[in-house]
Amino acid sequence: MSSSDRKLATPLNRIFSAAGLGLLLISAGCQVRPLYATGSGVDEALKSIEFSEADDRIELEVRNNLIFLTSGGAGEPAKPDYEVDIDVKTRNVGVLVDSSADQDRAGRIVLKADFTLTKKSSGEVLKTGHRSAVALVDFNTQEYAKIRATRDAENRAARELAELIRADLAAWLGR
């Protein structure tokens, strides 16, 4: 190595060393931990949530799925620390229309939910959110099959919506 190469290498080494040290210091400040880690308190907080009463069948499906997902199948808590108010709206959208018979052949069930997480002791609103879920459905020419397919799609969308809301609640309570 020539003397000019050595002179250049020394400042570059210092720059790379300083950059590496800076990255180590920055990464040391990060507190990354799994959301569902044992001892994180998220499980206990989720188990202490009470959900608002449902207004219709689909909202009841979402509510029941949320109770099961947050409590691990144990049901609602006797003394909840938090309350979640849920409002679910449903829309059935025909996507594929048979123009010769003027009938829907396929469609989408769209569920949209607004929810509010409130601390029961103080009445403080901790989080508000909006989630939606879509389920596709094929409509049969037989009326009963069409009704059953629609109900199955609504149930699938309700399950998905409950999972999304649970994830939002867990992320918020895991802070």
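Throughout these legends, buried means under 20% relative accessible area, exposed means over 50%, and partly exposed lies in between (1.4 Å probe, protein chains only). The model is predicted, so that local features need pLDDT of at least 70 and side-chain atom pairs count only at pLDDT 80 or more, whereas totals for chains, interfaces and linings use all residues. Residues are numbered from 1 along each chain as its sequence is written, and side-chain values use heavy atoms, with hydrogens and water left out.

**View 1. Overview of the protein chain, with four helices and four strands.** Helices (H or I, at least four residues) and strands (E, at least two) are DSSP runs, numbered from the N terminus. Along the sequence these elements follow the pattern α-α-β-α-β-β-β-α. Of the 175 residues in the protein chain, 30% are buried. The accessible surface, from the Shrake-Rupley method with a 1.4 Å probe and, for residues, with only the protein chains shown counted as cover, comes to about 11,300 Å², of which 52% belongs to carbon and sulfur atoms. With contact meaning heavy atoms within 4.5 Å, residues 24 or more positions apart account for 64% of the contacts with a separation of 6 or more.

**View 2. The salt bridge between Lys120 and Glu50.** A salt bridge is a side-chain nitrogen of Lys or Arg within 4 Å of a carboxyl oxygen of Asp or Glu, and by this rule the count comes to seven. In the pair shown here, the closest N and O atoms of Lys120 and Glu50 are 2.8 Å apart. The pair links distant parts of the chain, 70 residues apart, with Lys120 in the loop between strand 3 (103-119) and strand 4 (125-138) and Glu50 in strand 1. Lys120 is partly exposed at a relative accessible area of 38%, and Glu50 is also partly exposed, at 25%.

**View 3. Arg63 and its acidic partners in a network of salt bridges, which links Glu53, Arg63 and Glu76.** Between Arg63 and Glu53, the closest N and O atoms are 3.5 Å apart. Arg63 lies in helix 3 and Glu53 in the loop between strand 1 and helix 3, so the pair ties together parts that are ten residues apart in sequence. Arg63 is buried, with 9% relative accessibility, whereas Glu53 is exposed, with 61%.

**View 4. A salt bridge within helix 4, formed by the side chains of Arg148 and Asp152.** The N to O distance in this pair is 2.9 Å. The two residues are four apart in the sequence, about one turn of the helix. Arg148 is partly exposed at 34% relative accessibility, as is Asp152 at 33%.

**View 5. Surroundings of Asp168 in helix 4 (residues 143-173).** Asp168 is buried, with a relative accessible area of 15%. Leaving aside residues up to four places away in sequence, Asp168 touches Phe115, Lys127 and Arg131.

**View 6. A surface patch of negative charge, in which Asp55, Asp56, Glu83 and Asp85 gather.** Patches are made of residues with over 30% relative accessible area and no salt bridge, like charges being joined within 9 Å and nonpolar side chains (Val, Leu, Ile, Met, Phe, Trp, Tyr) within 5 Å. Lys and Arg count as positive and Asp and Glu as negative, while His and the chain ends are not counted; the place of a charge is taken as NZ of Lys, CZ of Arg, CG of Asp or CD of Glu. Within the patch, Asp55 lies in the loop between strand 1 (49-51) and helix 3 (57-71) and is exposed, with a relative accessible area of 66%.
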